Amino acid sequence: MSREGRAFVTRVAIGVGVTAGIAAAVWAAGYRYNETASLPVGIWRIHTAANLQAGTIVNFCPPPNAILMEGRRRDYLADGPCPGGLESMFKPIVALSGDRVALTAQGVTVNGALVPNSAPAPHDGLGRALPVPADQTVPAGFVWLVSSYSADSFDSRYFGPVAVAAIIGTADPIFVKEAP
């Protein structure tokens, strides 16, 4: 290889290394990019999960159960660093341990109050049936996560409660594009 060729390869390798280092630093600082329609697309900052309450947006690792793994096969989720090779997800908490959750044609109700824009869809965009969990009291150590931002969100309407232990942290928007 010529001297110019080696210099070019060296510059490319340094550029790749610097880019990877910056990406690792951004990740370590808690910044994540949300590209799904469940919440505004853009950059979010993850903080230590503390004082979880209804309305708090969290970033969590979905459990690699049969429903979520089928969601991955159907491309509702991408590959990621969570158990089962799933991507982490962003969703708002709508119900906490002890809350009563029911699913009706109008949407999810929590202790009798309707969550806006939360009606479960019987089928996905390709006509495949979607599971709908049974009405339940949220068990200790679990939360229900439902995005009223998007009626098409893949969330607890289909896969049920999520363990608090699966929550990576709370999420705050930093630079996001709001819906038109």
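# A walk through the model, starting at Asn59

Start by selecting asparagine 59, which sits in strand β3. Keep in mind as you go that this is a predicted model. Is asparagine 59 buried or exposed? With a relative accessibility of 0%, asparagine 59 is buried, because anything under 20% counts as buried. Now show what surrounds it. Leaving out neighbours up to four places away in sequence, asparagine 59 is in contact with Ile46, Ser88, Met89, Phe90, Ile167, Ile168 and Gly169. Zoom in on Met89 from that list: its backbone oxygen is 3.1 Å from a polar atom of the asparagine 59 side chain.

Zoom out for a moment and look at the whole protein. You should find 3 helices and 12 strands. Along the principal axes, the C-alpha atoms fill a box of roughly 70 × 40 × 35 Å. The protein has 180 residues, and 38% of them count as buried. Take the contacts between residues at least 6 apart in sequence: 62% of these join residues at least 24 apart.

Next, go inside. In soluble globular proteins, nonpolar side chains tend to be buried together. Here, the largest nonpolar core has 18 residues. Which of them should you colour to begin with? Try Phe60, Leu68, Met89, Leu145, Phe154 and Phe159, the ones with the most contacts inside the core. The elements that each supply two or more residues to this core are β3 (57–60), β5, β10 (142–145) and α3 (156–159).

Stay with leucine 68 and show its neighbours. Not counting residues up to four places away in sequence, leucine 68 touches Pro62, Pro63, Leu77, Leu86, Met89, Phe154 and Phe159. When you're done there, select Val101, Val108, Val110 and Trp144: they are among the 10 residues of a second, separate core.

Now for helix α2, residues 66–73. At its start, a side-chain oxygen of asparagine 65 comes to within 3.2 Å of the backbone nitrogen of isoleucine 67. Move to the other end: just after α2, aspartate 75 has a positive phi of about 70°.

Also select arginine 74, in the loop between α2 and β4. Its relative accessible area is 19%, so arginine 74 counts as buried, the cut-off being under 20%. What does arginine 74 touch? Apart from neighbours within four places in sequence, its contacts are Asp124, Arg128, Ala129 and Leu130.

Follow the chain to another loop, the one between β8 (113–114) and β9 (136–137), and pick proline 122. Proline 122 has a relative accessible area of 54%, so it counts as exposed, which takes over 50%. Beyond four places in sequence, proline 122 touches Arg128, Ala129 and Leu130. Try the distance tool here too: from the C-alpha of proline 122 to that of tyrosine 149, 27 residues apart along the chain, is 19 Å.

Last stop: the largest pocket, with about 620 Å³ of space. Select Thr36, Ser38, Tyr76, Lys91 and Phe154 to find the lining residues that lie nearest its centre, out of 32 in the lining. The elements giving two or more residues to that lining are β1 (31–34), β4 (79–82) and β5 (89–95). Colour the lining by type and you get 15 nonpolar, 9 polar and 8 charged residues. You have met Phe154 already, as a residue with many of the contacts inside the largest core.

How values were computed
Residues numbered from 1 in each chain as written. Predicted model: local features only at pLDDT ≥ 70, side-chain atom pairs only at ≥ 80, totals over all residues. Heavy atoms only, no water. 1 Å grid on protein atoms, 1.4 Å probe; cavity = no way out; pocket = protein on both sides within 12 Å on 5 of 7 lines; lining within 4 Å. Points joined across faces, edges and corners; volume = space filled by probe spheres on them. Helix = DSSP H or I, 4+ residues; strand = E, 2+ residues; numbered from the N terminus. Nonpolar A, V, L, I, M, F, W, Y, C, P; charged D, E, K, R; others polar. Polar contact = N/O pair within 3.5 Å; in protein donor to acceptor, adjacent residues only side chain to side chain. Core = buried A, V, L, I, M, F, W, Y, C linked by side-chain atoms within 4.5 Å. Buried < 20%, exposed > 50% of the residue type's maximum accessible area, 1.4 Å probe, protein only. Contact = heavy atoms within 4.5 Å.
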